[in-house]
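Please look through the model shown here, with its sequence alongside. The paragraphs after it go through selected helices, charged pairs and a patch on the surface.

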Amino acid sequence: MTAMQLNAEVLRNMSIIAEDETLLKRVAKYLRKVVAERRTDPTEVSKEEFFASLERGEEEYRQGKTHRIESVKELKDFLNAL
(Lines give C-alpha, C1' and ligand atoms only; values in the text may rest on other atoms or scores of the structure.)
Protein backbone atom coordinates (compact mmCIF):
# COMPACT_ATOMS: atom_id res chain seq x y z
CA MET A 1 0.00 0.00 0.00
CA THR A 2 1.40 3.40 -0.92
CA ALA A 3 1.73 6.32 1.46
CA MET A 4 -1.03 8.12 -0.43
CA GLN A 5 -3.38 5.15 -0.05
CA LEU A 6 -2.55 4.84 3.65
CA ASN A 7 -3.17 8.54 4.13
CA ALA A 8 -6.57 8.26 2.42
CA GLU A 9 -7.50 5.28 4.60
CA VAL A 10 -6.49 7.10 7.79
CA LEU A 11 -8.53 10.16 6.79
CA ARG A 12 -11.60 8.02 5.99
CA ASN A 13 -11.36 6.34 9.37
CA MET A 14 -10.73 9.63 11.18
CA SER A 15 -13.98 11.05 9.80
CA ILE A 16 -15.82 8.17 11.51
CA ILE A 17 -13.81 8.42 14.74
CA ALA A 18 -14.24 12.21 14.97
CA GLU A 19 -17.99 11.73 15.51
CA ASP A 20 -17.54 9.50 18.58
CA GLU A 21 -15.87 11.02 21.65
CA THR A 22 -15.12 7.62 23.20
CA LEU A 23 -13.36 6.39 20.05
CA LEU A 24 -11.52 9.70 19.77
CA LYS A 25 -10.16 9.33 23.33
CA ARG A 26 -9.05 5.75 22.65
CA VAL A 27 -7.28 6.78 19.44
CA ALA A 28 -5.57 9.72 21.15
CA LYS A 29 -4.32 7.41 23.93
CA TYR A 30 -3.03 4.89 21.37
CA LEU A 31 -1.29 7.58 19.32
CA ARG A 32 0.50 8.90 22.42
CA LYS A 33 1.73 5.35 23.05
CA VAL A 34 2.94 4.91 19.46
CA VAL A 35 4.76 8.25 19.49
CA ALA A 36 6.40 7.44 22.84
CA GLU A 37 7.62 4.09 21.47
CA ARG A 38 9.08 5.81 18.43
CA ARG A 39 10.97 8.25 20.63
CA THR A 40 12.53 5.40 22.59
CA ASP A 41 13.58 3.41 19.52
CA PRO A 42 17.24 2.58 20.21
CA THR A 43 17.97 2.27 16.50
CA GLU A 44 16.82 5.80 15.74
CA VAL A 45 19.66 8.30 15.37
CA SER A 46 19.86 11.88 14.20
CA LYS A 47 21.61 12.83 10.97
CA GLU A 48 24.46 14.26 13.01
CA GLU A 49 24.90 11.01 14.97
CA PHE A 50 24.73 8.96 11.77
CA PHE A 51 27.38 10.99 9.97
CA ALA A 52 29.59 11.12 13.08
CA SER A 53 29.44 7.32 13.20
CA LEU A 54 30.49 7.14 9.55
CA GLU A 55 33.39 9.49 10.20
CA ARG A 56 34.54 7.38 13.17
CA GLY A 57 34.39 4.27 11.01
CA GLU A 58 36.39 5.93 8.24
CA GLU A 59 39.00 7.03 10.76
CA GLU A 60 39.25 3.50 12.19
CA TYR A 61 39.68 2.22 8.61
CA ARG A 62 42.49 4.72 7.96
CA GLN A 63 44.19 3.65 11.20
CA GLY A 64 43.97 0.00 10.21
CA LYS A 65 41.62 -0.92 13.07
CA THR A 66 39.21 -2.76 10.80
CA HIS A 67 39.07 -6.33 9.56
CA ARG A 68 38.31 -7.16 5.96
CA ILE A 69 36.35 -10.35 5.28
CA GLU A 70 37.34 -11.83 1.93
CA SER A 71 35.24 -14.99 1.70
CA VAL A 72 32.00 -16.59 2.82
CA LYS A 73 33.98 -18.97 5.01
CA GLU A 74 35.68 -16.05 6.78
CA LEU A 75 32.30 -14.43 7.29
CA LYS A 76 30.80 -17.63 8.75
CA ASP A 77 33.80 -18.08 11.04
CA PHE A 78 33.53 -14.47 12.21
CA LEU A 79 29.79 -14.73 12.89
CA ASN A 80 30.19 -18.05 14.70
CA ALA A 81 32.84 -16.49 16.94
CA LEU A 82 30.43 -13.80 18.15
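**Charged pairs and a surface patch**

R62 and E59 sit three residues apart in helix α3, which is about one turn of the helix. The model is a predicted one. In it, R62 and E59 are joined by a salt bridge whose closest N and O atoms are 3.0 Å apart. R62 has a relative accessibility of 58% and counts as exposed because the cut-off for that class is over 50%. E59, with a relative accessible area of 33%, is partly exposed.

Side chains of opposite charge can pair when their charged atoms come close. How many salt bridges does a search of the whole structure find? The search gives four, and two others are described below.

One of them is in helix α2. This helix covers residues 21-39, 19 residues in total. From its first C-alpha to its last it reaches 27 Å, close to the 27 Å expected at 1.5 Å a residue. Is α2 packed away or largely in the open? The number of buried residues among its 19 is zero, so α2 lies largely in the open. At the N-terminal end of α2, D20 acts as a cap: one of its side-chain oxygens lies 3.0 Å from the backbone nitrogen of T22.

The salt bridge in α2 links E21 with K25, and the closest N and O atoms are 3.4 Å apart. E21 and K25 are separated by about one helical turn because they are four residues apart in α2. Both ends of this pair count as exposed: E21 has a relative accessibility of 54%, and K25 has one of 53%.

Helix α4 holds another such pair, D77 and K73, which are four residues apart and so separated by about one helical turn. The closest N and O atoms of the D77 and K73 salt bridge are 2.8 Å apart. D77 counts as partly exposed at 39% relative accessibility, whereas K73 is exposed, with a relative accessible area of 59%.

The surface also has a nonpolar part. Which residues make the nonpolar surface patch? I69, L75, F78, L79 and L82 do, and the patch measures about 480 Å². Of these residues, I69 is found in the loop between α3 (47-62) and α4 (72-81). I69 has a relative accessible area of 32% and is partly exposed. That value lets I69 belong to the patch, because patch residues need over 30% relative accessible area.

Definitions and conventions:
Residues are numbered from 1 along each chain as its sequence is written. This is a predicted model: local features need pLDDT of at least 70, side-chain atom pairs count only at pLDDT 80 or more; totals for chains, interfaces and linings use all residues. Side-chain values use heavy atoms; hydrogens and water are left out. Patches are made of residues with over 30% relative accessible area and no salt bridge: like charges are joined within 9 Å, nonpolar side chains (Val, Leu, Ile, Met, Phe, Trp, Tyr) within 5 Å. Accessible areas come from the Shrake-Rupley method with a 1.4 Å probe; for residues, only the protein chains shown count as cover. A salt bridge is a side-chain nitrogen of Lys or Arg within 4 Å of a carboxyl oxygen of Asp or Glu. Helices (H or I, at least four residues) and strands (E, at least two) are DSSP runs, numbered from the N terminus. Buried means under 20% relative accessible area, exposed over 50%, partly exposed in between (1.4 Å probe, protein chains only). The expected span of a helix is 1.5 Å times one less than its number of residues. A polar contact is a pair of N or O atoms within 3.5 Å; within protein, one must be able to donate a hydrogen and the other to accept it, and residues adjacent in sequence count only if both atoms are side-chain atoms.
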